[in-house]
Amino acid sequence: MEVVSLPPNAPVLMEATRAIGYSIETAVADIIDNSVTAHATEVHIMFFPIGNPYVAIMDNGSGMNEDEIKNAMRYGSKNPLDTRASGDLGRFGLGLKTASMSQCRRLTVISKKNDAIVGAQWDLDFIESTNDWSLKLLDSDDVADIPHIDQLKEKVTGTLVVWQALDRLSLGDANFDQTMGKYMDLVREHLSLVFHRYLAGEQGIKKIEIFMNNVKLEPIDPFLSSKSTQVMADESISIEGHKVMVRPYTLPHISQLSESDISMLGGKDGLRKLQGFYVYRNKRLLVWGTWFRLMRQGDLSKLARVRVDIPNSLDYLWTLDIKKSIAVPPEAVRRNLAGIIGKISESSKRTWVFRGKKETDESKIHIWNRVKARQGGIFYEINRDHPLVEAVSSNAANKQLVEKLLQQIERSLPLNQLYIDLTNDERIVNENEVSQSDLSNLLEQLLAGCRDVKEREMMLKRLASTEPFNQQPELLRDLI
Ligand SMILES: Nc1ncnc2c1ncn2[C@@H]1O[C@H](COP(=O)(O)OP(=O)(O)OP(=O)(O)O)[C@@H](O)[C@H]1O
Ligand SMILES: [Mg+2]
């Protein structure tokens, strides 16, 4: 038998790995993973759209010396099966290269460590011309031409990654400047979410600040932890001696959320679509908004979001792709998660049902009554005993006509449309509280219809538990 070494054809393989499927935002995130692993506390991302456009990412991490940078540039710089330090976000020894080359034809990495600056470059066009894995090692003259090199020099240690010849980004776009703005929005949102625990400086991890063209990113907390309830204590699942931590949250009902809360939670559409597990590998969000087919994404569970923390020591059990965007939990974890799902969807349901109950609370007088029909089912009727309805009826010249009107309103409730709007979390503005002046106006008219002081007193007492007057108890108290 004869053994030959058969290395891959460099330009072909490099070109092929460009199609792994990164988007601009997942590519940038992969570069920042490396900064986090290198203990950086500050990362600057610069998008420069004019002239010779580039994207530059610079950190103040531990930096690399010449040997380290050469190894870093190698496709397969580390074996995926090697054990990694517990804070390492890397896995395949590929990210720096594959993420970068998915967006550009020329990748330059410059690093500063021990007061020395080293640089290396993969240039696809050059590789095509040599037909070999020809890595350019940059001398100080070459380095001087690279954007932001002066800022790197000012740092004690750090690494600068520059993407040039952005063929994938500019493809077919007439207005590159504007397109760059859109890309930046995508990147900003993605990074604010996937690194939110690093940006927030959560206990136990090193806080990191990320700037995009000098604007600092704010963390997006998908659990809105300050307002949500944690339905049950943290649960720790032990898998082959390693701990997977699970923390279920129930978001507040949409009526209790401000516009900014809603956008933090992914917008109105997001609320429903983004329910599910949020899986973190070393506190970095990998996948989110899925129940891994353990449960259907339904309306009743839409307030449930479950944080799942896995250490990188369990990588071998999870299916993890090179972009680290696909993570499927192993059977043992799924079994445990199924039990937790039951408990939390129960609690999420309660938050919805509670509102139903409140609306038909028996101790209050409502305009609409929810009534159980004897033949089964329910119907909504206008409460003829509501003081306002009563006042209109008794003052009307044609009482029958008023009754006909009420019946007609009851029959033509737009129930289907209401259902659609509610499940889409459409903000239904009728629900708003009545203003104080509207209410006192209404009150005046009602009281004017009373014959004497006694009747007025009775009316005021009744109104204390009547919609919408019960919203302003002070108003009634003053009058009494
Ligand atoms: N910003 C950086 N600071 C210091 N070292 C870095 C930096 N970026 C990359 N490196 C070094 O280069 C190596 C290769 O990085 P690369 O992203 O290609 O692979 P990885 O992070 O090991 O694994 P993965 O493919 O999962 O990202 C890293 O392991 C690290 O040693
Ligand atoms: Mg990496």
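Q: Helices (H or I, at least four residues) and strands (E, at least two) are DSSP runs, numbered from the N terminus. With that in hand, where does Asp88 lie?

A: First, keep in mind that we're looking at a predicted model. Asp88 belongs to the loop that runs between α3 (66–73) and α4.

Q: Okay, and is Asp88 buried or exposed?

A: The idea is to look at relative accessible area: under 20% is buried, and over 50% is exposed. Asp88 has 8%, so it counts as buried. Its side chain also has a partner: one of its polar atoms lies 2.7 Å from the backbone nitrogen of Gly90.

Q: Where is Lys78, then?

A: Look in the loop between α3 and α4. Lys78 has a relative accessible area of 41%, so it's partly exposed.

Q: How far apart are Lys78 and Leu94, in sequence and in space?

A: For this sort of reading, you take two separations, one along the chain and one from C-alpha to C-alpha. Here Lys78 and Leu94 are 16 residues apart in sequence, and their C-alpha atoms are 8.2 Å apart in space.

Q: Leu94 makes me curious about the ligand. Which residues come nearest to ligand 1?

A: There are 19 residues around ligand 1, and those that come nearest are Arg91, Leu94, Gly95, Lys97 and Lys324. As for chemistry, the shell holds six nonpolar, six polar and seven charged residues.

Q: Which backbone atoms have a ligand oxygen at 2.9 Å?

A: Try Phe92, where a polar backbone atom is 2.9 Å from an oxygen atom of ligand 1. Gly93 has a backbone N or O atom 2.9 Å from a ligand oxygen. Then there's Leu96, with a polar backbone atom 2.9 Å from an oxygen atom of ligand 1.

Q: How much of the accessible area of ligand 1 does the protein cover?

A: Here you start from the area that the ligand has on its own, then ask what share the protein covers. For ligand 1 that starting area is 600 Å², and 89% of it is covered.

Q: What kind of space does ligand 1 take up?

A: Ligand 1 occupies the second largest pocket. Two elements each give two or more residues to the shell around ligand 1, namely α2 (24–37) and α4 (95–101). The largest share, three residues, comes from α4.

Q: What follows α4? Where, for instance, is Ser102?

A: Ser102 sits in the loop between α4 and β3. With a relative accessible area of 4%, Ser102 is buried. Now compare sequence and space again: Ser102 and Pro219 are 117 residues apart along the chain, and 26 Å separates their C-alpha atoms.

Q: I'd like to look at strands too. Is Ile45 in β1 buried or exposed?

A: Strand β1 covers residues 42–48, and Ile45 lies within it. Its relative accessible area is 0%, so Ile45 is buried. Measuring from C-alpha to C-alpha, Asp261 is 26 Å from Ile45, while the two are 216 residues apart in sequence.

Q: And which strand holds Ala120?

A: That's β4. Ala120 counts as buried, because its relative accessibility is 0%. Along the chain, Ala120 and Leu413 are 293 residues apart, and their C-alpha atoms are separated by 70 Å.

Q: One last feature: how should I read the phi of Asn114?

A: Start with the general rule. Most residues other than glycine have a negative phi. Asn114 isn't a glycine, yet its phi is positive, near 50°. You'll find Asn114 in the loop between β3 (106–113) and β4 (116–123). It's exposed, with a relative accessible area of 66%.

Q: What about the phi of Asn214?

A: Asn214 isn't a glycine either, and its phi is positive at about 75°. The loop between β7 (209–212) and β8 (215–216) is the place to look for Asn214. At 62% relative accessibility, Asn214 counts as exposed.

Note on methods
Residues numbered from 1 in each chain as written. Chains lettered and ligands numbered in written order. Predicted model: local features only at pLDDT ≥ 70, side-chain atom pairs only at ≥ 80, totals over all residues. Heavy atoms only, no water. Buried < 20%, exposed > 50% of the residue type's maximum accessible area, 1.4 Å probe, protein only. Near = heavy atom within 4 Å. Polar contact = N/O pair within 3.5 Å; in protein donor to acceptor, adjacent residues only side chain to side chain. Areas by Shrake-Rupley, 256 points an atom, 1.4 Å probe, with all protein chains shown as cover. 1 Å grid on protein atoms, 1.4 Å probe; cavity = no way out; pocket = protein on both sides within 12 Å on 5 of 7 lines; lining within 4 Å. Sits in = over half its atoms within 2 Å of the grid points. Nonpolar A, V, L, I, M, F, W, Y, C, P; charged D, E, K, R; others polar.
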